[in-house]
Every structure is written in structure tokens, then in C-alpha cells.
Amino acid sequence: MINAIIEWQNRYIQRLDHTFMKRADRYIDAVKKSRSSRQILTLLPQRILLNASEKIWKNYLRKTSFGLLPKEYNKKIHGPYCPWRYYGKKDTNIFDVKLADFSAWMSRRNTSPKGIMAAMSRGYYSWIYHWFSPRVANVAPLCHLLAFMAFARMIFNHNNFKRDQFLMENISRGALIVFEGLDRSGKTTQVRLLSNFLQCHSFPVVTMSFPTRAGVIGEMLDQYLNKKVEMENHVAHLLFSADRWAVHTEIENNIKCGITVIVDRYLFSGIAFSAAKGLDFDWCMNADRGLPQPDVVFFMDVKPETLKHRGEFGVERFDDEEFQRNVLHNYQRLTEKYWQVIDAEKSQKEIADQIERTVYDLLKSPAMASPLKIFGYT
């Protein structure tokens, strides 16, 4: 099949010279026979195009011998044409060339554009014939395809690899990232998405949620939130704070080891919710002074009136629209420079993209080389 195509291509190209001349003759005959200037003007663009095409063909394309059989090929001697076979004078194989003769061997190579293209063409057809379309079925095509896919993936991910390598070499500690917001504002979803994103980029990540709902204190708080037990407001606040203090050493150790800690609710929730119940704002803050201060706080901003339309709103103790409005006011009092207000009414993808960009900027910043700050003292 390949031989038939090449022979047809060879015959077609060799006839192009005659085609140009025949068209030119037809043009001259038409001009002689025609007495109408309109017909002459109609044929004029064709004549201009023919002249330009003829010059391009004779001066450039024909000299390249593109599509023609090699001059060294003789059908009577060589038989059917093989596109991967070299029909020129045989030379020493490159693996048999001595080091002293290598420069002379290289000087005999055809380094012209035509020679380079011919060598590439022979290599391509050889690969197709011997490996990709072999006479005997084997797994070589599949292996080549997998190798190509792996190479393409390496090329496309090269920039990401260099970026990740830079980050891993220049980060001396992990980051403390906190998600805050009203109930059912999408914090847990974004914690999961950010954790998956960082893990895909080879960053060690630990996720936490407060209250922990585990251990003695966590179980008591879980019963309190689910309205199974009642507590005095001051006692409840101190229990929430104690739940955070119980794991603050674990948070600090992870960060010192270069592990990024992502927290779903933190001390700001304890202050905002307790103050919304009528407790003194400064007193609520004092219980958490000394805990690690986050590097960034993502506040999921959503209108309280839209929360009741979200799933499971109203199950826990504080799922009340008016109470959530008071909590939002307290959150606004806690806002600092390291807070990022996120419009939680956007789509999950838009929110995730914004958060991921902010986290990358944070991880590349010089702040990762400095110690973690302490809440209430810095």
C-alpha cells in the first residue's frame, strides 16, 4: 500500500511541470480568440496565479525533491520501494566507528535539510513498520503508547514539578489554616477540597475540626450541641476552649514538622458564639489567649436568612436565624488582617480556586520561615 502511494505521488509531481504549461497555453488561446475585454480581465487573475505558482514550483519546491523517490533507488535492482531503507552508499555503522575516525565519519553525513528530513522519514517508517504495525501481534504498540503518555504527562507537569520542588525546599514549617463562618456555610466542604488539592501537590496535610467530639470533653460538647444536656454558658465556653487547648500541642508539633494543619472552626467560633449568648466579649477572648494564631482565616460569608434553606439547618442547638445574625456581628468584630472574607454564595469551584490561590501565595511567602504567632500576644 505504501509503495503504491509513493509511486502515484512520484508520477503526480513529475506531471506538474506539464500542467503549468498547458494552463498557460489555454490562457493564450483564450486571449487570441476572445474579442471581449471582460473575458480577458476574468482570465487575468488566473494568469497571475499561474505565474506565481510556476516560479515557486521551479525555484523552490522542485529543488527539494519532496515526495520523489531517492535518486539512488532503482526498481529493477532494489525491487519494491521500502520507505525505511537507505539506498545510498553503505557506510560503517555508528557503533563500529572508532573514536579517531568519528570526525571523518561525521563529515560524510548529509547534514543538509533534505538529508535530515530523509533520515527522519526513514526512522519514522522504520518505527511504524517494526514496532507499531509489526507482522506478528505483540504488546509493543501498547508499550509505545504508554511511554508516549508518560512523556507527555512529564512535559505538561514540568512547571508544576518545579514549583512544588521550590516550595518543598523553601518551606521551613507548615501553615495553620482556619475556616470560620456561620453554620452550614460550606466550611467542611472547602476544608476537604483544599486538603485534596494540597495532597495532590505533595504537601503533608492534617485536618481537624472543633469541637473534636472525641474524648471526655468532646463527648460532653457533642451532647450539649445536640440538646441532650444543658450547661451554664460560662461552663460551656470554658469546655469549648479546653477542647482546643487539649490538642494545641499536637497542632504546634505538626506545624514544626512541616505539616500544614487545616482547621474547621477554631477559637474565633468559640468567642463569637459565646458572646452571642450574652457573655462578655473580652472575657471570652481571654480563655483562648496563648493558642497558636492562624496564618490565614477563611471566613465563609453568607447571609443568615439563606442558611435555613440549606440541609440539616435547625438540628443543633445554635441553628437559629436570629442567633446566627448575632454571631455574624461578633465575627465582624474579630476580623484581622490575616482574615480572607469569602463570598460563600458563589459556586464551590469558584470558592475553591480563590482559596487555593491564596494558600499558594501564603506557602511561597517569607512568613513560612518565621515562627508561628501566638493569639492575643502578637
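Over the ring of which residue does the charged end of R333 sit? I looked this up at the start, keeping in mind that the model is predicted, and found the charged end of R333 over the ring of F281, 3.9 Å from its centre. I then noted a second arrangement of this kind, in which the charged end of R109 sits over the ring of W105, at 4.3 Å from the ring centre.

**Aromatic pairs**

I turned next to rings that pair with rings, and the structure holds 16 aromatic pairs. In one of them, F179 and F298, the ring centres are 5.2 Å apart and the planes stand at 35°, so I entered the pair as tilted. F179 belongs to strand 1 (residues 176–181) and F298 to strand 4 (residues 296–301), so this pair ties together parts that are 119 residues apart in sequence. I checked both F179 and F298 for exposure, and both are buried.

I also looked up F273 and F323, whose ring centres lie 6.0 Å apart with their planes at 50°, so this pair is tilted. Here F273 comes from helix 13 (residues 267–276) and F323 from helix 16 (residues 321–334), so the pair ties together parts 50 residues apart in sequence. F273 is buried, with a relative accessible area of 8%, and F323 counts as buried at 13% relative accessibility, because the cut-off for buried is under 20%.

Following the ring pairs further, I found a cluster in which they link F210, Y266, F268, F299, Y331, W339 and F375.

**Nonpolar cores**

I asked which residues have the most contacts inside the largest nonpolar core, which has 34 residues, and wrote down L176, I251, Y266, F268 and Y331. Among the elements that give two or more residues to this core are strand 1, helix 12 (248–256), strand 3 (260–264) and helix 14 (281–286), while the largest share, 7 residues, comes from helix 13. For I251 I listed the contacts beyond its neighbours within four places in sequence, and these are L176, M208, F210, V261 and Y266. I recorded a second, separate core of 23 residues as well, which includes V205, M300, V302 and M368.

**I217**

My last entry concerns I217, which I located in helix 10 (residues 215–225). I217 counts as partly exposed, at 25% relative accessibility. Not counting residues up to four places away in sequence, I217 touches L239, A242 and D243. For I217 and A242 I also noted the C-alpha to C-alpha distance, which is 7.7 Å in space, with the two residues 25 residues apart in sequence.

Key. Residues numbered from 1 in each chain as written. Predicted model: local features only at pLDDT ≥ 70, side-chain atom pairs only at ≥ 80, totals over all residues. Heavy atoms only, no water. Phe/Tyr/Trp six-rings, centres within 6.5 Å; stacked < 30°, edge-to-face > 60°. Helix = DSSP H or I, 4+ residues; strand = E, 2+ residues; numbered from the N terminus. Buried < 20%, exposed > 50% of the residue type's maximum accessible area, 1.4 Å probe, protein only. Lys NZ or Arg CZ within 6 Å of the ring centre and 35° of its normal. Contact = heavy atoms within 4.5 Å. Core = buried A, V, L, I, M, F, W, Y, C linked by side-chain atoms within 4.5 Å.
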